Amino acid sequence: MTLRKIFSNKWFALFILLMATILSPLDFYIVNLALPAIGKSLEANNSQLQMIISFYTCAYAVFQISGARIGDIFGKKRVFLFGLLGFILSSVVCGLAISTTMMIIGRILQGVFGAIMIPQVLAILHVIFQDKQKTKVMALYSFTFGLAAAFGQYLGAVLIQWNLFNLGWRIIFLINLPIGLLAFMAGLFTLPKSEINQGVSSIDSLGSIVLVVGLIIGIYPLVTLSNTGFTLTTAMYFILSIMLLVLFVKLQRKRKQQERSVLIDLSVFKYSNLKYGIIVCFLYYCSGVFYLAFGIYLQEELGWGTIEAGKAIIPFGIGFLCSSLVSSHLNTYFKSKALIIGLCTYALGFALMLFNLYCFSSVLLRISLLIIGCGMGLTLASVVRLSLKGVPSAFAGLASGLINSALQIGSAFGVAAIGSVFFIVAHKSDYSHAFGIVLLVLTIVQLIAIGFSMLIKEK
């Protein structure tokens, strides 16, 4: 097969798109295990470590809503390559960071460019593949995210352990440079030129800025609680955050009345499945703090090396992948109950790990991680499907964006709020006790999510 035929093959285009796609979720999982090393190198405090994770997910959440619209305006191929290049350059900023401020800025930029890039992938795949091929394509797309969850932290551990070019933890960011550039160059020749949607002329840039600033200002005081405690300044941040979020709602209503493009059409919340689904997504993904706390607990409390800690998460990944593969069959059989089963499994996994803290067994540790992974995979597949039930096709894109954003904002909030509790308890007691508190809180949060999931109906 000639080089020209390879570049024109749509399955090769899929490979290139998935190569770029995996970079964004991988950078969420891969960083967790490297946080202790990053903290020591950059002399970061606990609050700054939380910001490295939560600000990334916060930026990724908000800009993902407008990412698809940007592709419609400027062309999906062009925007995808722009987002990929931006993600590569921001990864280099993180890899070369000489201060925590530089690292946090780099992580925010990673989140922004990742959010610009990812929506274009689905749009391009929708164009180049026929309907009968899309089931296989979407399975591979979902499997890519599963791989990131399954082996992201272990890959980070291996890269740090190898200490390539004596770069230490920096390699986990700089590795994006060769992979990203390869995908960028191949994408230039492989991806089809996409047409610009003439019906879409603008995006709500002001709304995007107000929302992301409002969320970050709201999350910032949460991550500083472990170092500064609750102060007058903390209260002022919360008040300012609420004011900006109220302003965002008013801006959206005003633009809607003026028949201008809006970031979020608030009328979409009249669909009950979507409304309750977004709440469940938020609560369910507050568990993002688990990866932060688990990695630190293994290294700081149990004294495990990076490789041991990286291997420890593999049962979770196996459970996530396996449950994702069978989720379609379970959803067909159990219907709306599949979501409740997934959340119950998720909560059970956290409860078992909490029990294991006080009666430690390496076998039970792996079993609880496997159950957590199964619960996460089952829940993710079910909550997305059920939340979109009853939503008209005209709102499908917005509804999907809101679900993804709720997941990421939930993760950012979990890292910020529950993460602060983790560090406060660890400072007063030890990491084992702190991790136990995190597991207890996550179990309770999932039980609350189960309550809301019962309001979501199969229509």
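**Cysteines and internal space**

The sulfur of Cys-281 has its closest cysteine sulfur in Cys-286, and because 11 Å separates the two, they are too far apart for a bond. This is a predicted model, and a search of the whole structure finds 0 disulfides. The structure also holds 1 cavity of 30 Å³ or more, and the points below take up the cysteines and then this enclosed space.

**Cysteines**

- A disulfide requires a pair of cysteine sulfur atoms within 2.5 Å, whereas the sulfur of Cys-281 lies 11 Å from that of Cys-286, so no bond is formed between them.
- Cys-281 is itself buried, with a relative accessible area of 0%.
- For Cys-344, the closest cysteine sulfur belongs to Cys-374, and at 14 Å this sulfur is too far away for a bond.
- Cys-344 is partly exposed, its relative accessible area being 37%.

**The largest cavity**

- The space inside the largest cavity amounts to about 30 Å³.
- Its lining is made up of Tyr-297, Met-353, Asn-356, Leu-357, Phe-360, Leu-365 and Phe-435.
- Helix α16, which spans residues 337–358, supplies the largest share of the lining of the largest cavity, contributing 3 residues.
- Sorted by class, the lining of the largest cavity comprises 6 nonpolar residues and 1 polar residue, with no charged residues.

Technical notes:
Residues numbered from 1 in each chain as written. Predicted model: local features only at pLDDT ≥ 70, side-chain atom pairs only at ≥ 80, totals over all residues. Heavy atoms only, no water. 1 Å grid on protein atoms, 1.4 Å probe; cavity = no way out; pocket = protein on both sides within 12 Å on 5 of 7 lines; lining within 4 Å. Points joined across faces, edges and corners; volume = space filled by probe spheres on them. Helix = DSSP H or I, 4+ residues; strand = E, 2+ residues; numbered from the N terminus. Nonpolar A, V, L, I, M, F, W, Y, C, P; charged D, E, K, R; others polar. Buried < 20%, exposed > 50% of the residue type's maximum accessible area, 1.4 Å probe, protein only.
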